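Trainee: I would like to learn how to read pockets and a bound ligand in a model. Could you take me through one case?

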Amino acid sequence: MADPVIQAIQGLFFFIPAFAANSAAVLTGGRWKMDFGKNFFDGRRILGDGKTWSGYLGGSLLASALGMLLYGLIFLLPVFVNYPDAYFALFGVLLLSFGSLTGDTLGSFIKRRIGIDRGGKGYLLDQIPFVLMALLFAALFYFQFFRYVLFNIPALIVIVVITPPLHKAVNVLGYKLNRKDVPW
Ligand code: CTP
Ligand code: MG
């Protein structure tokens, strides 16, 4: 598995749950504000109306289901690494999905603190925190998984470089399909 191209493609593939969680939250979101509508000390919303529990939980679980399906395919038709078992896949996808939406929430918290309103363009704050937090969750809570599929230079570079344009493309699509009010 030393081939850097394989490592990069494999890393991107295993990282799909983290990408998918962000988009899935748009589908399930809208109910039960995560900050219960409350303001922070600075008088601005803690997170804003764009962060809901239905988005956080629904998005994480939907992305985990999709991830299990994809990882299952790889397990049955081993094109990449032949990982150990279903627990590996299950905890891996859960950590990437929940990590992704936890990072997304942190990104919104920071946006509110620097005065960007809900839905306002956050540039890298819309794209980087979810990626880093997904990687961090995997590395912290399941290092064996992280090391196996993500912890190599080609995979990490490709994930961080491909994420912003991919995220942007998905958001433009969501906007065109009237699922989102703004194209970012
Ligand atoms: N969403 C949600 N709950 C989440 C994340 C997302 O309900 N935890 C839904 C919301 O409907 C949100 C949409 O997905 O409007 C798009 O997500 P995102 O772009 O992250 O939110 P924004 O509305 O842009 O808000 P923010 O400025 O806080 O990022
Ligand atoms: Mg947004």
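Mentor: Start with the residues that line the main opening. This is a predicted model. Its largest pocket has a lining of 34 residues, and Val26, Gly50, Lys51, Arg118 and Lys180 are those nearest its centre.

Trainee: Which elements give two or more residues to that lining?

Mentor: For the largest pocket they are α2 (16-28), α3 (53-76), α4 (86-113), α5 (124-141) and α7 (153-176). With seven residues, α4 contributes the most to this lining.

Trainee: What is the volume of the largest pocket?

Mentor: The volume of the largest pocket is about 780 Å³.

Trainee: How does the lining of the largest pocket divide by class?

Mentor: Sort the residues by side chain, bearing in mind that glycine is put with the polar ones. The lining of the largest pocket then has 14 polar residues, ten nonpolar and ten charged.

Trainee: Where does ligand 1 sit?

Mentor: Ligand 1 sits in the largest pocket. The elements that supply two or more residues to the shell around ligand 1 are α2, α3 and α4. Of these, α4 has the largest share of the shell, four residues.

Trainee: Which residues come nearest to ligand 1?

Mentor: There are 18 residues around ligand 1, and Lys51, Thr52, Ser108, Arg118 and Gly119 come nearest. By class, this shell holds seven charged, seven polar and four nonpolar residues.

Trainee: Which side chains have a polar atom by an oxygen atom of ligand 1?

Mentor: Look for pairs of N or O atoms within 3.5 Å. Thr52 has a polar side-chain atom 2.5 Å from an oxygen atom of ligand 1. For Arg112, a side-chain N or O atom is 2.8 Å from an oxygen atom of the ligand. For Asp104, the distance between a side-chain N or O atom and a ligand oxygen is 3.2 Å.

Trainee: How much of the accessible area of ligand 1 does the protein cover?

Mentor: Compare the ligand on its own with the ligand in place. Alone, ligand 1 has 570 Å² of accessible area, and the protein covers 89% of that.

Trainee: What lines the second largest pocket?

Mentor: Read it in the same way. The second largest pocket holds about 180 Å³ of space. Its lining residues include Ser23, Val26, Asn171, Arg179 and Lys180. The elements that give two or more residues to this lining are α2 and α7. By class, the lining of the second largest pocket has six nonpolar, three polar and two charged residues.

Methods. Residues numbered from 1 in each chain as written. Chains lettered and ligands numbered in written order. Predicted model: local features only at pLDDT ≥ 70, side-chain atom pairs only at ≥ 80, totals over all residues. Heavy atoms only, no water. 1 Å grid on protein atoms, 1.4 Å probe; cavity = no way out; pocket = protein on both sides within 12 Å on 5 of 7 lines; lining within 4 Å. Points joined across faces, edges and corners; volume = space filled by probe spheres on them. Near = heavy atom within 4 Å. Polar contact = N/O pair within 3.5 Å; in protein donor to acceptor, adjacent residues only side chain to side chain. Areas by Shrake-Rupley, 256 points an atom, 1.4 Å probe, with all protein chains shown as cover. Sits in = over half its atoms within 2 Å of the grid points.
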